[in-house]
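Please open the model in your viewer and keep the selection tool at hand. The stops below are meant to be taken in order.

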Amino acid sequence: DRAALLRLGASLALLESRWQEKLSLAELARAANMGQSSFQRAFRRALDASPIEYLIRFRVRKAAALLADPARRVGEVAFGCGFDDSNYFSRQFRRVMGVSPREYRVRALAGRDGG
């Protein structure tokens with residue numbers, strides 16, 4: 001319903017402003033002024049993803065932009081984007097983007113250099 005969507009907006013604003021930090025489901029639900037179960041159901045209905053999945057996708061998109069800078073190491077990008085483990089980051093990046101972070105970087109740099 002409309003009220004739930006407005007309350008979800010508050011949790012999305014929190015998530016997108018603090019995406020690099022550890023955020024709990026309880027914090028996100030509290031921002032939406034909802035219980036955790038209701039929040040999870042409403043979030044999934046509205047965004048077709050769990051709050052954690054949405055956060056992972058958001059972080060991976062931020063990481064993809066940073067990987068275009070060859071001066072940044074993949075591990076540095078992972079930790080800077082809120083992932084505690086570079087291996088977990090690599091698995092999630094591949095799942096979301098379809099290629100590893102290193103392959104993504106190679107493609108991004110080749111595209112930037114024209115070939």
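The tour goes from aromatic rings to loop residues.

This is a predicted model, in which local features need pLDDT of at least 70 and side-chain atom pairs count only at pLDDT 80 or more, while totals for chains, interfaces and linings use all residues. Residues are numbered from 1 along each chain as its sequence is written, and side-chain values use heavy atoms, with hydrogens and water left out.

Select Phe39 and Phe43 to begin: both lie in helix 3, 4 residues apart, about one turn of the helix, where helices are DSSP runs of H or I with at least four residues, numbered from the N terminus. Phe39 is buried at a relative accessible area of 0%, and Phe43 is likewise buried, at 1% (buried means under 20% relative accessible area, exposed over 50%, with a 1.4 Å probe and protein chains only). Add Tyr54, whose ring forms an edge-to-face pair with Phe43, 5.7 Å centre to centre and 80 degrees between the planes (rings of Phe, Tyr and Trp, the last by its six-membered ring, pair if their centres lie within 6.5 Å, and planes over 60 degrees apart count as edge-to-face). This pair links distant parts of the chain, with Phe43 in helix 3 and Tyr54 in helix 4, 11 residues apart. Extend the selection to Trp19 and Phe58, which form one aromatic cluster with Phe39, Phe43 and Tyr54.

Next, select Asn33, in the loop between helix 2 (25-31) and helix 3 (36-47); this residue has a positive phi of about 55 degrees although it is not a glycine. Most residues other than glycine have a negative phi. Asn33 counts as exposed because its relative accessibility is 63%.

Technical notes:
Helix = DSSP H or I, 4+ residues; strand = E, 2+ residues; numbered from the N terminus. Phe/Tyr/Trp six-rings, centres within 6.5 Å; stacked < 30°, edge-to-face > 60°.
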